[in-house]
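Got the fold on your screen? Let's walk through it together, one question at a time.

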Amino acid sequence: MNQINLLGTAFDCSCGKHHRVPTKSLYYQPDAFDHLVATAESVTDKKRYLVVADSRTYEIAGRRVENVLRQSGATVDRFMVPDIKGEPPAADDITRDHILDNAPETDLYFAVGSGVINDLVKWVSFLRKKPFITIATAASMNGYASANVAATIGGLKVLFHADACQAVFALPEIIVDAPDELSSAGLGDVLAKSVSSADWKLNQYLFQDYYCQFSVDLLKDLEPVYLENPNGIRRKDPVAFQALFHALLFSSIAMTITGTSSPASGGEHLISHTLDMIASRDGRKHDFHGRQVGVASILMAALYEKVFSIEQPKFVSPPQKVDAGFWGSLTSIVETEYEKKSRKMKKAASILQEKEKWEGLKSLIKPNLVSPTKLKNCLSEAGAAHRYQEIRDNDQPLESDKFRKVVLNANQMRERFTILDLAVMLGIIPDQIDSLIEDWV
Ligand SMILES: [Zn+2]
Ligand SMILES: [Zn+2]
């Protein structure tokens with residue numbers, strides 16, 4: 001795969017930006033750990049390392065990493081991130097402080113795990129101004145080479161900028177053997193790409209936003225491997241898993257080099273973020289990010305089909321205010337975003353009223369869309385969540401009324417313009433959303 005050659009490079013792009021890929025190497029291979037010591041020594045000549053894991057990831061990979069590093073003569077400490085009341089750790093400020101207060105000083109961190117451990121180490125190493133290396137234990141999310149930390153501070157979900165890891169290591173046997181629902185969550189997250197890059201293009205077309213075709217094309221030759229052959233994931237086919245892992249990694253690199261989450265996050269992510277936000281507001285557990293994103297991606301692809309079947313758009317006035325009954329204590333945060341969103345919707349309507357502009361948008365975006373049928377088949381063949389009832393809300397199936405309300409309101413939570421907004425402007429949300437949900441998810 002020639003994308004690998006991009007790691008650690010910097011180059012001028014046709015999008016006008018100078019891109020820099022901070023992550024310098026990826027070892028996804030059976031002998032990956034044989035390269036740990038040399039990589040660590042290329043990052044720092046000091047030899048005091050800290051392996052950070054939780055009780056599960058330590059058993060899966062942490063112990064081996066520790067042993068390999070020790071053989072190099074380095075001082076290797078271990079920090080175990082504790083479970084909270086029998087639940088796996090969370091990427092929040094309390095856990096961050098616990099690590100800052102208790103973990104030994106180090107020159108180089110090793111984050112052993114996927115989402116949470118990776119975010120925590122990215123956060124702590126950034127605050128301590130030390131580099132870190134990632135040891136991935138599942139193909140579950142696209143944050144491995146991202147500079148962003150997704151965390152909860154004071155109960156609020158936030159995303160902020162830190163530094164990306166220096167290198168990513170993964171043993172295929174560990175990634176393939178990870179729990180099925182982790183890999184299928186990873187699949188849900190990468191499948192969002194066809195809709196999120198359509199949403200990104202929409203913003204460029206309507207508001208002249210920055211857009212980078214190069215970063216959108218990064219996954220081009222990987223996508224067909226799992227999209228055309230989804231039961232490869234179910235059958236634990238090594239080729240399908242490698243493509244999925246690489247796609248997740250390069251999806252995070254696309255976000256890192258462009259400095260925005262737009263290449264991998266559109267309306268489907270707003271639905272997932274809304275589910276997360278109302279869950280933490282209510283003190284409930286939400287499902288894996290990628291499982292929520294996968295289901296929402298099918299619905300977004302169906303919305304694109306519906307919206308683009310319209311010959312001449314007739315725009316209705318969107319709600320003036322956010323629904324305080326739905327957002328509750330989150331209302332004031334969402335209101336600020338929705339004010340900016342309302343202005344964008346007005347502008348979009350005035351542009352797209354012109355027949356020529358409407359046709360121009362359709363012919364620009366339609367050719368790159370993946371149909372909802374294809375996305376749904378891919379997720380169902382892979383054994384991934386593809387219906388909203390499969391999304392867990394506090395360990396129970398998500399209720400129909402709750403999902404419906406999330407879909408109706410999700411466009412209000414971020415300024416970013418997506419297909420959800422076009423659907424609201426055209427009255428498809430709320431008028432036709434029940435039948436779309438019933439038909440597709
Ligand atoms: Zn670019
Ligand atoms: Zn995502």
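A residue counts as exposed if 12 or fewer other C-beta atoms lie within 10 Å of its own, and as buried if 20 or more do. Keep in mind that this is a predicted model.

Q: Is N368 buried or exposed?
A: Start with where N368 sits: the loop between α16 (355–365) and α17 (372–381). Leaving aside neighbours within four places in sequence, N368 is in contact with S194, S197 and A198. Around N368 there are 11 other C-beta atoms within 10 Å, so with a limit of 12 or fewer N368 comes out as exposed.

Q: Which residues of α7 are buried?
A: Helix α7 covers residues 193–207, and its end C-alpha atoms are 21 Å apart, which agrees with the 21 Å that its 15 residues should span. Eleven of those 15 residues are buried, so α7 is largely enclosed by the rest of the structure. The buried ones are K193, S194, V195, S196, S197, A198, D199, W200, K201, L202 and L206.

Q: How many residues of α13 are buried?
A: Helix α13 runs over residues 289–308 and reaches 28 Å from its first C-alpha to its last, close to the 28 Å expected. The rest of the structure largely encloses α13, because the buried count is 17 of the 20 residues.

Q: How many residues of strand β9 are buried?
A: Strand β9 runs antiparallel to β8 (residues 148–153), and six bridges join the two. Across that pairing, A150 stands opposite L159 in β9. Strand β9 has six residues and lies largely in the open, because the number buried is zero.

Q: Which residue in the hairpin of β8 and β9 takes a positive phi?
A: Look at the turn of this hairpin, where two residues sit between the strands. The phi in question is near 55 degrees, and the residue that takes it is G154.

Q: How far apart are the C-alpha centres of domain 1 and domain 2?
A: The protein chain is divided into domain 1 (2–178) and domain 2 (187–210 + 261–440). Six residues of domain 1 are in contact with nine of domain 2, and the domain 1 side of that contact has one nonpolar, four polar and one charged residues. From centre to centre, the separation is 31 Å.

Q: Which helix gives the most to the largest nonpolar core?
A: This core has 127 residues, and those touching the most other members are V52, F110, V112, V168, L244 and L299. At least three of its residues come from each of domain 1 and domain 2. The biggest contribution is 13 residues, from helix α11.

Q: Which residues does F110 touch, not counting those up to four places away in sequence?
A: F110 is among the core residues that touch the most other members. Its contacts are Y49, L50, V51, V52, V65, I133 and I135.

Q: What is the phi of K129 near, given that K129 is not a glycine?
A: Most residues other than glycine have a negative phi. K129 is in the loop between α4 (115–127) and β7 (132–135), and it is exposed, with 7 other C-beta atoms within 10 Å. Its phi is positive, at about 55 degrees.

Q: Which peptide bond is cis, with omega near 10 degrees?
A: Most peptide bonds are trans. For this one, look at helix α20 (residues 428–431), where P430 is found. The cis bond runs from I429 to P430.

Terms used:
Residues numbered from 1 in each chain as written. Chains lettered and ligands numbered in written order. Predicted model: local features only at pLDDT ≥ 70, side-chain atom pairs only at ≥ 80, totals over all residues. Helix = DSSP H or I, 4+ residues; strand = E, 2+ residues; numbered from the N terminus. Expected span 1.5 Å × (residues − 1). Domains from an automatic or database assignment. Contact = placed C-beta atoms within 7 Å. Nonpolar A, V, L, I, M, F, W, Y, C, P; charged D, E, K, R; others polar. Core = buried A, V, L, I, M, F, W, Y, C linked by C-beta atoms within 7 Å. Pairing = 2+ DSSP bridges.
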